Amino acid sequence: MYFTDRGIEELAERRGEEQVSLTWLADQLRRFVDLNPEFEVPVDRLATWLARLDDDED
């Protein structure tokens, strides 16, 4: 397990039963970057990766 997996595990434990829209997720990512601009590049890369997941299946 990577050190960063701790946050992922906490997310799964605390909110794993919830269903959210991608619009909600995008809003939360924007809010996070507004509060933490130093993370703009990694958040943008994550969002791009998520947006293009289906491209690999073609």
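**Entry 1: charged pairs**

I began with the side chains of Arg 30 and Asp 27, which meet in a salt bridge with N and O 3.0 Å apart. I then looked up where the two sit: they are three residues apart in helix H2, and so are separated by about one helical turn. For exposure I found Arg 30 exposed, at a relative accessible area of 52%, whereas Asp 27 is partly exposed at 39%. I note here that I am working from a predicted model.

I went on to search the whole structure for such pairs and found that it holds three salt bridges. Another of them joins Arg 14 to Glu 10, and its closest N and O atoms are 2.9 Å apart. These partners both belong to helix H1, where a spacing of four residues puts about one helical turn between them. Arg 14 has a relative accessible area of 65% and is therefore exposed, since the cut-off lies at over 50%; Glu 10, at 41%, counts as partly exposed.

I also looked up the pair of Arg 15 and Glu 18, whose closest N and O atoms lie 3.2 Å apart. In this bridge I recorded Arg 15 as partly exposed at 40% relative accessibility, and I recorded Glu 18 as partly exposed too, at 42%.

**Entry 2: the fold and its surface**

I next read the secondary structure and counted three helices and zero strands, which along the sequence gives the pattern α-α-α. The helices are H1 at residues 5–15 and H2 at 22–35, followed by H3 at residues 40–51.

How much of the protein counts as buried? I found that 5% of its 58 residues do. The accessible surface comes to about 5,800 Å², and carbon and sulfur atoms account for 52% of this area.

I then looked for nonpolar groups on that surface and noted a patch of about 380 Å² made by Leu 46, Trp 49, Leu 50 and Leu 53. Of these residues I checked Leu 46 further: it has its place in helix H3, and at 40% relative accessibility it counts as partly exposed.

**Entry 3: aromatic rings**

I searched the whole structure for aromatic pairs and came away with one. Its members are Phe 32 and Phe 39, with ring centres 5.6 Å apart and planes at 40°, so I entered the pair as tilted. The assignment follows because stacked planes would have to be under 30 degrees apart and edge-to-face planes over 60. I looked up the exposure of both rings' residues as well: Phe 32 counts as partly exposed at 34% relative accessibility, and Phe 39 counts as partly exposed at 37%.

**Entry 4: the largest pocket**

I turned last to open space, and recorded a volume of about 680 Å³ for the largest pocket. Which residues lie nearest its centre? Among the 18 residues of the lining, I found that these are Leu 11, Trp 24, Leu 25, Gln 28 and Leu 29.

I then asked which helix gives the most to this lining. The helix is H2, with seven residues, although H1, H2 and H3 each supply at least two residues to the lining. I closed the entry by setting the pocket beside my earlier notes on H2, the helix that also carries the Arg 30 and Asp 27 pair.

Note on methods: Residues are numbered from 1 along each chain as its sequence is written. This is a predicted model: local features need pLDDT of at least 70, side-chain atom pairs count only at pLDDT 80 or more; totals for chains, interfaces and linings use all residues. Side-chain values use heavy atoms; hydrogens and water are left out. Buried means under 20% relative accessible area, exposed over 50%, partly exposed in between (1.4 Å probe, protein chains only). Accessible areas come from the Shrake-Rupley method with a 1.4 Å probe; for residues, only the protein chains shown count as cover. Rings of Phe, Tyr and Trp (its six-membered ring) pair if their centres lie within 6.5 Å; planes under 30 degrees apart count as stacked, over 60 as edge-to-face and the rest as tilted. Patches are made of residues with over 30% relative accessible area and no salt bridge: like charges are joined within 9 Å, nonpolar side chains (Val, Leu, Ile, Met, Phe, Trp, Tyr) within 5 Å. A salt bridge is a side-chain nitrogen of Lys or Arg within 4 Å of a carboxyl oxygen of Asp or Glu. On a 1 Å grid over the protein atoms alone, a cavity is a set of points where a 1.4 Å probe fits but cannot get out, and a pocket is an open set with protein on both sides within 12 Å along at least five of seven lines; lining residues have an atom within 4 Å of a point. Grid points are joined across faces, edges and corners, and a volume is the space filled by probe spheres set on the points.
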